[in-house]
Every structure is written in C-alpha cells, then in structure tokens.
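Below is a short reviewer's note on the fold, set out as numbered points. Please read it alongside the sequence and the coordinates.

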Amino acid sequence: MKKVIAFVMYTGVIGQGFYREFQSSPEFDPVLINDYQNAELYLGDRTPCILVIEVPDHSSYPLSYCLEICNRFKRAFPLCKCMLFLSYTYMDNILSEVVAARRNGQIDDFATAHTRVEEISAAIQALA
C-alpha cells in the first residue's frame with residue numbers, strides 16, 4: 001500500500017512541484033491541498049503518514065496556525081509525521097519557535113525555501 005503524503009500548500013507552484021516529485025513514485029500517494037482550514041476533508045478515506053505544510057508570508061497562515069494544523073493532524077492520525085516548509089521571508093523572526101516546536105514534538109522536521117528540492121524530497125522520504 002502506498003504511503004499518503006498530504007501537501008498543504010499556499011503557493012501553488014511550490015505545491016505542484018512537490019506533488020510532481022512524488023506523483024510517479026510507487027511508494028507514495030501525494031495529495032495536494034490548498035485549503036488549510038479543511039485539509040483533512042481532501043484526504044477522503046486515506047490516512048496520511050506525512051503532512052508537509054507550508055508556512056507562507058500570507059498573514060492568514062502564520063506559524064502558530066500551521067502548528068495548530070500539525071496538532072490537529074497528529075490527533076486525528078497519531079502515526080502521521082509533520083514537516084513544516086518555511087517559505088516565510090522573515091525566517092529569523094520564526095526560527096526559534098520552529099526549533100522549539102521540533103524539540104517539543106509538535107513537528108518532526110522542517111525545511112526552508114532555500115533548500116534544494118532534492119534535499120527536501122529526501123527529508124520527506126526519511127520521515128516515512
């Protein structure tokens with residue numbers, strides 16, 4: 001059975017790039033979602049093993065809200081690993097909170113927009 005990866009992405013181009021990276025994989029079943037509030041509904045009956053959520057510059061989806069979504073997924077899907085993708089321009093403002101979230105188990109990993117796609121893909125695969 002394929003492992004489901006839920007990509008909750010604000011930036012369409014980024015989300016489509018991640019989706020395409022895993023689309024042809026025999027091991028993974030990617031799901032691309034842009035509705036942060038109702039992300040779980042787009043999974044249907046699939047259970048995600050990984051959630052990758054973008055923390056964008058857009059003020060509607062600040063880090064605190066993205067962390068709430070991670071908590072929501074971890075409650076609904078206890079085995080789900082959560083990874084933040086930081087496309088937020090002012091990363092210095094949020095990095096200490098991201099590190100704290102990683103240390104206390106709210107998230108399992110994070111990557112930044114400055115990281116190569118191949119490296120992010122490897123990090124996602126390592127979570128599975």
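**Notes on the sheet, the helices and the cores**

1. Strand β4 is mostly covered, with five of its six residues buried. The model is a predicted one, and the remarks here should be read as remarks on that model. β4 spans residues 81–86. Six bridges connect β4 to β3, and the two strands run parallel. Within this pairing, E54 has F85 in β4 as its bridge partner, and I50 stands opposite K81 in β4.

2. How many residues of β3 are buried? Eight of its eight residues are, and the strand is mostly covered. β3 covers residues 48–55. On its pairing with β1, there are five bridges, again with the strands parallel. P48 in β3 stands opposite V4.

3. The sheet as a whole is open and has five strands, in the order β2-β1-β3-β4-β5, with parallel pairing. The edge positions belong to β2 and β5 (109–112); each has a single partner strand, so one side of each lacks a neighbour in the sheet. Averaged over the sheet and ignoring direction, neighbouring strands are turned by 20° against each other.

4. At the β2 end, β1 and β2 run parallel and are joined by six bridges. V4 has D29 as its bridge partner in β2. V4 also stands opposite P48 in β3, in line with the strand order, where β1 sits between β2 and β3.

5. Two helices deserve a remark for how they lie on the sheet. Helix α4 (residues 117–127) lies across β1, β2, β3, β4 and β5, and runs at about 165° to β4. Helix α2 (63–76) packs on the sheet too, where it touches β1, β3 and β4. The direction of α2 makes about 170° with that of β3.

6. What is the angle between α1 and α4? Helix α1 (residues 12–23) packs against α4 at about 60°, and the axes are 11 Å apart. That angle makes α1 oblique to α4. The crossing of α1 past α4 is right-handed. On the α1 side the contacts come from F18, E21 and F22, which meet V117, I120, S121, I124 and Q125 in α4.

7. The largest nonpolar core has 28 residues, and L43, L51, I53, F73 and L84 are the ones that touch the most other members. At least two residues each are supplied by β1 (3–8), β2 (28–33), β3, α2, β4 and α3 (95–103). α2 gives the most, with six residues. There is also a second, separate core of 16 residues, including I50, I120, A123 and I124. In soluble globular proteins, nonpolar side chains tend to be buried together.

8. L84 is worth inspecting in the viewer. Leaving out residues up to four places away in sequence, L84 touches I53, V55, L63, C66, L67, C70, V98, I107, D109, F110 and A111. One of these, V98, lies in helix α3. V98 and L84 are 14 residues apart in sequence, with their C-alpha atoms 8.4 Å apart in space.

9. Is V98 buried or exposed? Its relative accessibility is 0%, so V98 counts as buried. Beyond its neighbours within four places in sequence, V98 is in contact with L63, L84, L86, I107 and F110.

10. Two further positions can be checked. E40 sits in the loop between β2 and β3. Not counting residues up to four places away in sequence, E40 touches R72, F73 and F77; F73 is also one of the residues that touch the most other members of the largest core. The C-alpha atoms of E40 and I94 are separated by 26 Å, with their places 54 residues apart along the chain counted as sequence separation.

11. G12 is found in helix α1. With a relative accessibility of 39%, G12 counts as partly exposed, because values from 20% to 50% fall between the buried and exposed classes. G12 and A128 are 116 residues apart in sequence, and their C-alpha atoms are 24 Å apart in space.

Conventions:
Residues are numbered from 1 along each chain as its sequence is written. This is a predicted model: local features need pLDDT of at least 70, side-chain atom pairs count only at pLDDT 80 or more; totals for chains, interfaces and linings use all residues. Side-chain values use heavy atoms; hydrogens and water are left out. A nonpolar core is a set of buried Ala, Val, Leu, Ile, Met, Phe, Trp, Tyr and Cys residues joined through side-chain atoms within 4.5 Å. Buried means under 20% relative accessible area, exposed over 50%, partly exposed in between (1.4 Å probe, protein chains only). Helices (H or I, at least four residues) and strands (E, at least two) are DSSP runs, numbered from the N terminus. Contact means heavy atoms within 4.5 Å. Two strands pair if DSSP finds at least two bridges between them. Axes are lines fitted to C-alpha atoms, for helices over the stretch in contact, and angles run from 0 to 180 degrees between N-to-C directions. Angles under 35 degrees count as roughly parallel, over 145 as roughly antiparallel, 65 to 115 as roughly perpendicular and the rest as oblique. A crossing is left-handed if the near helix is turned anticlockwise from the far one by less than a right angle, and right-handed if clockwise.
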